[in-house]
Structures are given as structure tokens and as C-alpha cells.
Amino acid sequence: MSLTAWLFPPSCVLCRGALTEETSDGLCADCRALMKAERGRRLYRVLPNLWVIAAASYGGAVREAVIRVKKNAICAAAPCFGELVYQAYLTQKPERMPDLVTFVPSSSVRNRKRGFTLTEEMARRVSERLGIPMRPTLRHRALSGKQAYQRGSRREKHAEDSIFLMPDLDLSGQTVLLIDDIMASGSTINHSAGLLLQAGASEVVGLVLAKS
């Protein structure tokens with residue numbers, strides 16, 4: 001055992017229980033079984049050309065883990081979340097491999113405070129595991145009021161006013177895998193996918209850690 005592992009023993013991303021060894025998904029055996037039971041039950045049709053796959057429901061240990069990671073800026077957990085959504089993607093047995101992995105952007109102010117962008121780091125892990133390119137395609141403009149606090153039509157308007165395509169983006173004929181952390185009403189990933197389709201993508205598959 002390394003000195004670092006001895007001083008800072010690895011713990012489960014969800015329940016925070018001690019791990020006897022480091023794992024690619026950052027989970028203990030019990031939490032891995034819990035996530036495995038969730039897989040395959042969370043597939044949503046949001047747009048005619050958009051399916052969204054959720055690795056889990058947003059509650060219990062999953063919700064606590066996401067809040068903890070964001071509040072405490074735990075960058076090391078992001079690849080673990082990426083591994084979870086990657087495994088959820090595989091359970092759907094996709095007929096066609098995506099051409100590109102991208103992500104829903106978040107506030108630059110929050111990203112600077114945390115030192116990383118959670119969805120980008122998740123997308124990076126998925127990209128590495130699938131062996132396909134990952135790059136940003138969308139940009140975020142900060143608005144007053146958090147998206148999570150908006151409701152109904154205001155939530156949709158907030159997404160429309162805050163997320164835009166990168167300049168000169170051409171996705172002609174590409175199947176795009178779009179990564180986000182949480183899907184609530186679906187307005188954010190819906191709007192983001194719509195933009196990618198406008199840029200020429202033939203299909204967008206949404207992949208999220210959890211659906212509330």
C-alpha cells in the first residue's frame with residue numbers, strides 16, 4: 001500500500017464507506033449492487049431524435065453524493081460519476097457508436113470556484129472508455145438565479161437564455177453523446193440537444209447520472 005493510500009484510504013463515492021482497494025467506479029460492493037439494480041430501468045424519450053439514459057434516480061445516496069461533490073469541489077469523484085454513466089450506457093446495447101462525446105456546460109463562476117466542470121470531467125471519462133473524441137460544443141452565459149430554482153416555463157426560458165452553440169460548429173451527420181449530471185424537467189438537456197441537432201447532428205443521445 002502506498003503512503004498516500006495509507007494516509008488517505010479510498011472511500012466509496014456514494015456511502016463514503018472505506019474501500020479495501022481503489023476501483024474504477026469508486027463504489028463499494030453494496031453501492032455497486034445498488035447502481036446495478038437501477039440500470040436498464042431509466043430510459044426516456046425527450047425529443048423525436050433524443051433518448052436520455054439515466055444511471056440512477058436522484059435520491060438517497062446518489063443525491064447526497066452529488067451535493068457533497070459540488071459543495072466540497074471533490075474533483076476526484078467526477079471520473080467515478082463518468083464511469084457510472086458509461087456503464088449505464090453499455091446496458092442499452094447501442095446499435096451505433098457515437099461519433100462525439102460532449103457535455104452540458106455550467107456556470108463559469110461556479111466552475112472557477114470548484115476548479116473543474118463536473119459534466120466535462122464525466123464526459124472525459126466516457127470519451128476515454130469509448131475511445132471516441134470529446135470536445136465542448138456548447139457555451140454557458142451566466143444569468144441571475146440558478147436553473148434548479150426555476151419552475152415550468154421559466155425553467156425552459158432560463159435554459160434557452162443561458163446555453164448557446166459554439167461559433168461555427170458543424171456536426172453534420174454525427175451521432176452525439178451528450179453528458180449531464182442531473183435531469184429534472186429535462187428542459188436543459190432538451191434545449192442543448194436541440195441546438196446540437198440544429199448544428200447538423202443526425203442523432204443525440206443524452207446520458208445523465210440521475211433523473212429526479
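pLDDT is the predictor's confidence in each residue, on a scale from 0 to 100.

**Figure 1. How confident is the predicted model along the chain?** This is a predicted model, and its chain has a mean pLDDT of 80. A pLDDT of 70 or more is reached by 80% of the residues. Strand β3, residues 100-103, is where confidence is highest, with a mean of 97. At the other end of the range sits helix α1, residues 3-7, where confidence is lowest, at a mean of 42.

**Figure 2. A close look at residues 1-7.** Over this stretch pLDDT stays under 50. For residues 1-7 the model has just 2 contacts beyond four places in sequence. Helix α1 covers residues 3-7, so read this view with its mean pLDDT of 42 in mind, remembering that pLDDT is the predictor's confidence in each residue.

**Figure 3. Arg-125 and Glu-83 pair up between two helices.** The structure holds 5 salt bridges, and here is one of them: the side chains of Arg-125 and Glu-83 meet at 3.1 Å, N to O. This pair ties together distant parts of the chain, with Arg-125 in helix α6 (residues 118-130) and Glu-83 in helix α4 (residues 78-91), 42 residues apart. Are these two partners buried or exposed? Glu-83 has a relative accessible area of 1%, so Glu-83 is buried. Arg-125 comes in at 19%, and because the cut-off for buried is under 20%, Arg-125 counts as buried too.

**Figure 4. Glu-83 also takes Arg-129 as a partner.** The side chains of Glu-83 and Arg-129 form a salt bridge at 2.9 Å, N to O. Again the pair links distant parts of the chain: Glu-83 sits in helix α4 and Arg-129 in helix α6, 46 residues apart. Arg-129 is partly exposed, with a relative accessible area of 40%, while Glu-83 is buried. Put the two pairs together and you get a network of salt bridges linking Glu-83, Arg-125 and Arg-129.

**Figure 5. Glu-120 and Arg-124 meet within helix α6.** Side chains of opposite charge can pair when their charged atoms come close. In this view, Glu-120 and Arg-124 do so through a salt bridge of 3.3 Å, N to O. Both residues lie in helix α6, 4 residues apart, or about one turn of the helix. How accessible is each partner? Glu-120 has a relative accessible area of 22%, which makes it partly exposed. Arg-124, at 32% relative accessibility, counts as partly exposed as well.

Methods
Residues are numbered from 1 along each chain as its sequence is written. Side-chain values use heavy atoms; hydrogens and water are left out. Contact means heavy atoms within 4.5 Å. A salt bridge is a side-chain nitrogen of Lys or Arg within 4 Å of a carboxyl oxygen of Asp or Glu. Buried means under 20% relative accessible area, exposed over 50%, partly exposed in between (1.4 Å probe, protein chains only).
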